[in-house]
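Grab a pencil and work through these exercises with the structure open beside you. Try each task before you read its solution.

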Amino acid sequence: MEMAIGDINNLTNQGLVLHTMDSNGDPFQAASAAMTLINEHHAKALIGLATWQEASFVVELGRRAQVPVLSLTRTYPPAATRRCPFLVTLAHSQVLQMKAIGAIIRSWSWKKMSLIYEDVEYTETIPYLADALQDADIDSRVALSSYDSSFSKELEMLRSRQSRVFVVHTSIQLAIRLFAEAYKKGMMADGYVWITTDAITSKLDHVNSSVITSMQGVLGVKNYFKPRARTSDFIKRFQRRYHSEYPKEGKRKPQLSSFIAYDAVWAIAKAINKSNVSGELKKMQNDSVIDPLFVEISEAGWSLLDGIKQSNFSGLSGEFFFKDNKFSHVYAFQIVNVVGKSYRELGFWLPDNGFSKSLKSKEGNETSMKILGQVYWPGGPWSAPKGWVSPTSEKLFKVAVPAKTVFPEFLTVKKESDNKTSAEGFSINVFKKVLDHLSYSLPYEFIPFNCSYDSLLEHNQMPNYDILIGDTSISSGRYNYVEFSQPYTPSGLAMVVPVKSDLTGKAWIFLKPFRGSMWALTAIVSIYNSIIIWIIERSCNMDFRGSFWNQSATLFWLSFATLLSPGEKLQSNLSRLAMVVWLFAALVLTSNYTATLSSILTARRLEPSLVDIDSLKSSNAAVGCNTGSVVGKYLENVLGFQRKNIKLFTSGDDYFQALKNGDIKAAFLRIPHANILVSKHCSELISAGPIFQVGGLGFVFPKGSPFLSDFSETILKIFEDGELEKLEKATLAIDTCSNVGVDASDVDRLSPESFWGLFLLTVGMSTIALVLYGLCFH
């Protein structure tokens, strides 16, 4: 800042006077210094105040004296500038930095992380980071205080949890102590992930080798600004001056905050010129170069404040301007990786383009950090840590199971002699099969609960468990509270109704085996054959002679008597030849007719009592579904049933009794539940109507669970391998009733297409017999 004062006075002859006082980071000393400089030295603007604790005291003094306060603090309440109009914040917003960290976490599919931050009056990091994480969660939050002598207790707590991804947002002083303690406790080893924000990363150039040693493998995010032509010249001048004043220290490169402070002094100078401020400014004795830094000017506070906020120029730190009372955004964020004696620069993250190896590269919208190349992780592994650790015998995988289910075939809970809980059933078998395929061990314990699924989920109790196993339905509403694995049963909702067992009103069912065309063709062929036989027999058989009415009756009788094989009354060999072929055709037709009629009668015995949803609703019929299930909401909100007509059941046997007694007309169940109920009572219940498209059954996980992706992937694998189908058949035994759900309309009725060859044979033989008769006897 002294360099800025010197440059301004040399170039503009403004004669700015610089006063400095050291608050030593103490808010009360900062307030006392501000009062002294405003009252005694008539300071017109204040710059510095690296923490909000200091700024919160000073800005009130600035408001009363109408002196602009330019603060370099990184964290401040969102409403601070509205409550304190003379506060001008020069720190970049944390929003984009938290988005950069969120992008890193998503790159490696980490689902949980822990936030370690400094215990100050306010931090905007938590809400911004929570929004940036999207599908990941903040597992724990640890506030560190500079007054603590050790962070051992906090680190022990973090080590006891499953999450191994830590985001650190503290001052560099606290970070040095934190990483030294973490190194001692073995938390900088294989499996851990540490990510630091700009508050720490930007100071890595100024820490000693012992600090770097304790931070090996740390990923850092720091604000980046595009260097300008005069930046290099300023850096050289800064290093020469610094070395001349502190010859025992090595070269030190100015940080981004130094460039911002330099530009802030220029903003004040430009605001003075814009306000036409004049006056001789006297340079006071400079006893310290540590913040806060004060500039004495002679102009009314409001005019100067407006001039500062209207600044818009290209400075050392980039474009220096304000928009909606907020300082300009960072151009990009640099991703660094601590390794060796310092750190290496991996690449960049840009708000609009994602990750990039360099700012000149052509990549765009790269959402994965993996494009930046190999990362050196804590402990030195080549592969990225999975970000969490599996439960151990000391801390078991907590499996929530319902104490009672509607269908025990899916899950049954038992108490063992040693007071431990055991569980069995199809859902448990699938769970154990998934564990067999996981690449890591997962010791677990069953923890029963007595409430309904909806009650458990909606009261946000899932964070107490690692997984919920049961016949739990997947629904969009439940995603507000939890996450689901890939479904392990078919999706859909079926309607179960009693069968219609009586055949009252089916007097004409005997006509069903043949289609109408089949009946007509059979009659035509029969009459045709009868006419031919009558023509051949009437010349040699007295039974085929007589009056017109006698011959008509004989012809009609002959058309149907062939089914009784009247071959002994025929005299002609030609008529007997035609009759033999027709008798063969009749035998084939009658046997197929008998078989088809039997099938129809059997199917009619299992015909559903109803298949129409509209008739259920119009008649206000009662229907049933599981207690605590989302099916009830679906029946009411989607299918339009009245709530009073929806009855809830807690047992599969209760469903059967209610359907049998007529208490309900239909039960709406998930497909696997419906299959179990029907298979138990296949002679009395049947699935009917359409299948409604709703979610299947799946395992339930708390939001951000690191196990979700592994379980979903494994369920898909055992499904594709056929293992899931084998488990279903072995456990649920739902294939015991082969005719469940068959309707008479599904039985194939006989048609001429299946017998045209038979009809052609008998008609052809009769025609040949008639032709031979005409040739031989006429």
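## Exercise 1: two loop residues

At 37% relative accessibility, Gln-66 counts as partly exposed. Here buried means under 20% relative accessible area, exposed means over 50%, and partly exposed is what falls in between (1.4 Å probe, protein chains only). Before going on, know that this is a predicted model, where local features need pLDDT of at least 70 and side-chain atom pairs count only at pLDDT 80 or more, while totals for chains, interfaces and linings use all residues. Residues are numbered from 1 along each chain as its sequence is written, and side-chain values use heavy atoms, with hydrogens and water left out.

**Task.** Find where Gln-66 lies and look up its phi, then do it again for Asn-460.

**Solution.**
1. Gln-66 sits in the loop between helix 3 (52–65) and strand 3 (69–71). Helices (H or I, at least four residues) and strands (E, at least two) are DSSP runs, numbered from the N terminus.
2. Its phi is near 55°, a positive value in a residue other than glycine.
3. Asn-460 belongs to the loop between helix 15 (453–458) and strand 21 (467–468). Asn-460 is not a glycine either, yet it has a positive phi of about 55°.
4. With a relative accessible area of 52%, Asn-460 is exposed.

## Exercise 2: a helix and a strand residue

**Task.** Check the span of helix 8 (residues 172–184), then list the residues that Val-168 touches.

**Solution.**
1. Helix 8 has 13 residues and reaches 18 Å from its first C-alpha to its last, close to the 18 Å expected at 1.5 Å a residue. The expected span is 1.5 Å times one less than the number of residues.
2. Buried residues in helix 8 include Leu-174, Leu-178 and Phe-179.
3. After helix 8 comes Gly-186, whose phi is positive, near 75°.
4. Now for Val-168, which lies in strand 7 (residues 165–169). Val-168 counts as buried because its relative accessibility is 0%.
5. Leaving out residues up to four places away in sequence, Val-168 touches Ile-116, Leu-178, Phe-179, Trp-194, Ile-195, Thr-196, Thr-197 and Ile-200. A contact means heavy atoms within 4.5 Å.
6. Val-168 and Asp-198 are 30 residues apart in sequence, and 9.8 Å separates their C-alpha atoms.

## Exercise 3: the cores

**Task.** How many residues does the largest nonpolar core have, and which have the most contacts inside it?

**Solution.**
1. A nonpolar core is a set of buried Ala, Val, Leu, Ile, Met, Phe, Trp, Tyr and Cys residues joined through side-chain atoms within 4.5 Å.
2. The largest one has 70 residues, and Tyr-655, Phe-668, Phe-699 and Phe-711 have the most contacts inside it.
3. There is also a second, separate core of 37 residues, with Tyr-262, Trp-266, Ala-269 and Ile-272 among them.
4. Setting aside residues up to four places away in sequence, Phe-699 touches Phe-431, Phe-484, Tyr-488 and Phe-711, among others.
5. Leu-677, in helix 22 (residues 671–680), is buried at a relative accessible area of 1%. Tyr-655 is one of its contacts beyond four places in sequence, and so is Gly-652. The C-alpha atoms of Leu-677 and Gly-652 are 6.6 Å apart, although 25 residues separate them along the chain.

## Exercise 4: aromatic pairs

**Task.** What kind of aromatic pair do Phe-333 and Trp-349 form, and what about Tyr-444 and Phe-446?

**Solution.**
1. Rings of Phe, Tyr and Trp (its six-membered ring) pair if their centres lie within 6.5 Å; planes under 30 degrees apart are stacked, over 60 edge-to-face, and the rest tilted. The structure holds 40 such pairs.
2. Phe-333 and Trp-349 are tilted: 6.1 Å centre to centre, with 45° between the planes.
3. Phe-333 lies in strand 14 (residues 332–339) and Trp-349 in strand 15 (residues 342–350), so the pair ties together parts that are 16 residues apart in sequence. Both residues are buried.
4. Tyr-444 and Phe-446 are edge-to-face, at 5.3 Å centre to centre and 65° between the planes.
5. Tyr-444 is partly exposed, at 30% relative accessible area, whereas Phe-446 is buried, at 12%.
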